[in-house]
Amino acid sequence: MQGVIKEAILKIEEISMHKPLRIISHFDTDGITSAAIFSRALQRWEKPFTLEIVKNINKEYLDALPEDHLLIFLDLASGSLNYLANKKTEVIILDHHEIVQDIPKNVTMINPQLQKTENCSSAAICYLFARELSEKNKDLANLAILGMVGDQMEKNLNKTYDNIMKDADTIIRKGLLLYPATRPLDKVLEYSSSLYIPDVTGSFKGVVELLREAGIEKTQKGYKSLVELSEEEMSNLTTAILIRRKTKTETSEIIGNIYLTKFFNNLEDARELSAMINACSRMGVSESALGFCLGNKAAKKDAEKTYLKYRQAISAALKSVSDIEKINGKNYTIINAKDRIKDTIIGTVASIISFSPLYPKGTIIIAMAYDNDKIKVSARLTGKEGRNVREILSQAVIPVSGEVGGHPNAAGAIIPIAKEQEFIQELQNKLDLDLIKI
Ligand code: C5P
């Protein structure tokens, strides 16, 4: 990948003499951290630029982009190459998503899928770019760690990440995947949405009982944090949680690496910061997240406030899910929230429901929320195996002229609101048919 990174640097050097730079990045954690790394690197390189953070791109958006700029896409655009081929300007893409079209002549693509190098998230690619520019950019490595956990790439660590972690002085601890691992356990357990524990999540009494059972006592300073536990305490707590989850949860599902990295001079849990950045975008204030990543203290305060509001919004959305009338089929549930849940958080709500023991493994959850004249659809498979939700969703989305993508266990789509009923009908037909197949 180093070769193409060098090529992109030369291109920027040359084109920036006569054209302004326009950066467009995605609004999730990987996109925001990519934008922070890339823009700080350009700033140090003394290259002026404009930056825009977007939820998604489509033909209309790309058609409207000015052709008197050098266009640089971060964490997106690998799937939009045919549209970019029509642009009468040079384009540089730093991305890790799937490439399904030919690379047009005007596009320089830095993507591990193309260069056939180790897989990594866009923030890592931006970091390698920044590092190639200057040794000084080593201080941006911790942002690449946030991008990594934001895109859940930490389960398949490789040499690229080993090197980035060294640069970032990241500390890795093995433990329960509850975050933040750096805050007192009672609060973390009570408000955890990443790991649902029956009779504990949302119940202070349940939390105290669980901790007592695991032999973790409250001291004068309060409860310990996860990273302060001894090996024995961690093991006892894991067992107590597994017993409460009853379903056949594998230890490996709830245990993993905890990444501790420095921000604003404190050692922080990368998962927590990643969740906060993601929350800012979902609540419509990506600029706070970006400011936080760039070390702005006021932005940090705003981001923390927004994160709190986001958790309240998720909790309200989960409550409203129980009141929404659902379409329940055999092994599937369609939750049409209409305008009761924000389109930007419906995916998170669908994920939380799919991780909870509310539905048997193998159930497909489809959640829908209005977004002006469109509907955002998020599909999740509980238990992660056996059925392909992207395929099923595609079969219902394509006939109604929507856009769809994702993975076998988590997929998303956008459809026109005018096709709401037609889509639901189509989806039910496909879901019923899918069940016959298995
Ligand atoms: O949007 P949502 O969270 O439901 O998406 C689930 C997964 O599908 C994510 O990994 C997202 O990146 C992917 N996706 C995609 N193309 C779309 C919509 C979602 O690749 N058009």
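A polar contact is a pair of N or O atoms within 3.5 Å. That cut-off is needed to read the ligand site of this predicted model, where a polar side-chain atom of Arg380 lies 2.8 Å from an oxygen atom of the ligand. Because 2.8 Å falls within 3.5 Å, the pair formed by Arg380 and the ligand qualifies as a polar contact.

Two further residues can be read in this way. His407 places a polar side-chain atom 3.0 Å from an oxygen atom of the ligand. Ala411 takes part through its backbone, a polar atom of which is 3.4 Å from a ligand oxygen atom. Of the 450 Å² of accessible area that the ligand has on its own, the protein covers 61%.

The surroundings of the ligand include Lys376 and Ser378 as well as Arg380. Val404, Gly405, Gly406 and His407 also belong to these surroundings, together with Ala410, Ala411 and Gly412.

The ligand site may next be placed within the chain. The domain assignment divides the protein chain into domain 1 (2-167), domain 2 (172-317) and domain 3 (324-437). By these bounds, Arg380, whose side chain approaches the ligand, falls in domain 3.

Domain 3 also meets domain 1. The C-alpha centres of domain 1 and domain 3 are 30 Å apart, and four residues of domain 1 are in contact with five residues of domain 3. About 270 Å² of area is buried between domain 1 and domain 3, with carbon and sulfur atoms giving 42% of that area.

Which interactions are counted between domain 1 and domain 3? There are two salt bridges, and two residue pairs are in polar contact. On the side of domain 1 that touches domain 3, the residues divide into one nonpolar, two polar and one charged. Lys55 forms a salt bridge with Asp371, the closest N and O atoms lying 3.4 Å apart. Since a salt bridge requires a side-chain nitrogen of Lys or Arg within 4 Å of a carboxyl oxygen of Asp or Glu, the pair Lys55 and Asp371 meets the criterion at 3.4 Å.

Terms used:
Residues are numbered from 1 along each chain as its sequence is written. This is a predicted model: local features need pLDDT of at least 70, side-chain atom pairs count only at pLDDT 80 or more; totals for chains, interfaces and linings use all residues. Side-chain values use heavy atoms; hydrogens and water are left out. Domain bounds come from an automatic or database domain assignment. Contact means heavy atoms within 4.5 Å. Buried area is the accessible area (1.4 Å probe) that two parts lose on being put together, summed over both. A polar contact is a pair of N or O atoms within 3.5 Å; within protein, one must be able to donate a hydrogen and the other to accept it, and residues adjacent in sequence count only if both atoms are side-chain atoms. Ala, Val, Leu, Ile, Met, Phe, Trp, Tyr, Cys and Pro count as nonpolar, Asp, Glu, Lys and Arg as charged, and the others, Gly among them, as polar. A residue is near a molecule or strand if one of its heavy atoms lies within 4 Å of it. Accessible areas come from the Shrake-Rupley method with a 1.4 Å probe; for residues, only the protein chains shown count as cover.
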